[in-house]
Amino acid sequence: MSDELDAVLAAVGPRLRGLRRRRGATLAAVSGTTGIPISTLSRLESGHRKPGLELLLPLAKAYRVPIDELVGAPAEPDPRVPPRPMTRNGMTVIPLTRNPGGLQAFKHIVPAGLTDGREPEPRSHEGYHWLYVLNGRLRVVLGDQDFILRDGEAAEFDTHLPHWFGNADQRAVEFISILGPQGERVHIRARYRPGERPPG
């Protein structure tokens with residue numbers, strides 16, 4: 001076994017102890033959650049027991065962290081969120097946070113003319129949504145309402161209400177959205193028939 005691997009394994013025990021103490025959990029509580037005997041947990045934390053997958057997997061699940069965080073996470077993780085743009089229905093979406101299960105922030109870029117001639121198709125899902133327009137004019141269909149948000153304007157709403165976003169004119173529009181928990185799980189689709197008033 002290499003010295004490098006020995007060093008990695010030796011660091012697991014203190015990392016487990018620090019994680020448990022930050023969570024305010026006792027060895028008995030962790031034992032009850034994972035099924036790992038208290039004596040084994042104690043030996044793991046003190047470095048007298050080598051960590052194996054049969055121990056690390058239930059511990060990672062109990063602490064709700066990736067297994068690589070138990071065996072090799074840096075002491076001070078890089079706080080920067082690398083841009084990983086996605087494309088959804090022609091719109092560019094850039095995640096601004098990495099907080100699974102919590103609030104999620106995104107930057108949306110709607111190219112010029114993307115929604116021209118397209119009938120809004122509002123969708124509904126669990127959660128709560130905040131919008132803030134950075135640049136351009138955003139058409140928002142929210143239930144029976146059809147309105148426009150301009151630069152610097154914001155809106156917030158319960159996402160159980162069917163909603164849709166698009167260009168309000170021929171220009172591109174950029175906006176920030178923040179979704180509450182479950183905000184990305186679309187499970188209801190509602191059709192909306194706009195009234196006589198044209199957008200914009």
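## Two sides of helix 2

In this predicted model, the face of helix 2 turned away from its buried side carries two exposed residues, Gly32 and Thr33. And which residues of helix 2 are buried? They are Val30, Ser31 and Thr34, within a helix that covers residues 27–34. These three span an arc of only 105° around the axis, so they sit on the same side of helix 2.

Follow the chain just past helix 2 and you come to glycine 35, which takes a positive phi of about 80°.

## The open sheet

Now for the strands. An open sheet is built from 6 strands in the order 1-2-3-10-5-8, with antiparallel pairing. At its edges are strand 1 (86–88) and strand 8 (154–158), each of which pairs on one side only. From one strand to the next, the twist averages 25°.

Strand 8 runs antiparallel to strand 5 (residues 128–135), and 5 bridges join the two. If you would like a spot to look at, find leucine 131: its bridge partner in strand 8 is alanine 155.

## A hairpin from strands 6 and 7

Strand 6 (residues 138–142) and strand 7 (residues 145–149) also pair in the antiparallel sense, over 5 bridges. Here, valine 141 stands opposite aspartate 146 in strand 7.

How many residues lie between the two strands of this hairpin? There are 2, and glycine 143 in the turn has a positive phi of about 60°.

## Aromatic pairs

Searching the whole structure turns up 3 aromatic pairs. One of them joins tyrosine 128 and tryptophan 130 edge-to-face, at 4.9 Å centre to centre with 65° between the planes. Tyrosine 128 is partly exposed, at a relative accessible area of 30%, and tryptophan 130 is partly exposed as well, at 31%.

Phenylalanine 165 and phenylalanine 175 make another pair: their ring centres are 5.7 Å apart and their planes are at 65°, so this pair is edge-to-face. It links distant parts of the chain, with phenylalanine 165 in strand 9 (residues 163–167) and phenylalanine 175 in strand 10 (residues 173–179), 10 residues apart. Are these two rings' residues buried or exposed? Phenylalanine 165 counts as buried, at 15% relative accessibility, and phenylalanine 175 is buried with a relative accessible area of 0%. Ring pairs also bring in Phe157, which forms a cluster with Phe165 and Phe175.

Key:
Residues are numbered from 1 along each chain as its sequence is written. This is a predicted model: local features need pLDDT of at least 70, side-chain atom pairs count only at pLDDT 80 or more; totals for chains, interfaces and linings use all residues. Side-chain values use heavy atoms; hydrogens and water are left out. Buried means under 20% relative accessible area, exposed over 50%, partly exposed in between (1.4 Å probe, protein chains only). Helices (H or I, at least four residues) and strands (E, at least two) are DSSP runs, numbered from the N terminus. The arc is that of the directions from the helix axis to the C-beta atoms. Two strands pair if DSSP finds at least two bridges between them. Axes are lines fitted to C-alpha atoms, for helices over the stretch in contact, and angles run from 0 to 180 degrees between N-to-C directions. Rings of Phe, Tyr and Trp (its six-membered ring) pair if their centres lie within 6.5 Å; planes under 30 degrees apart count as stacked, over 60 as edge-to-face and the rest as tilted.
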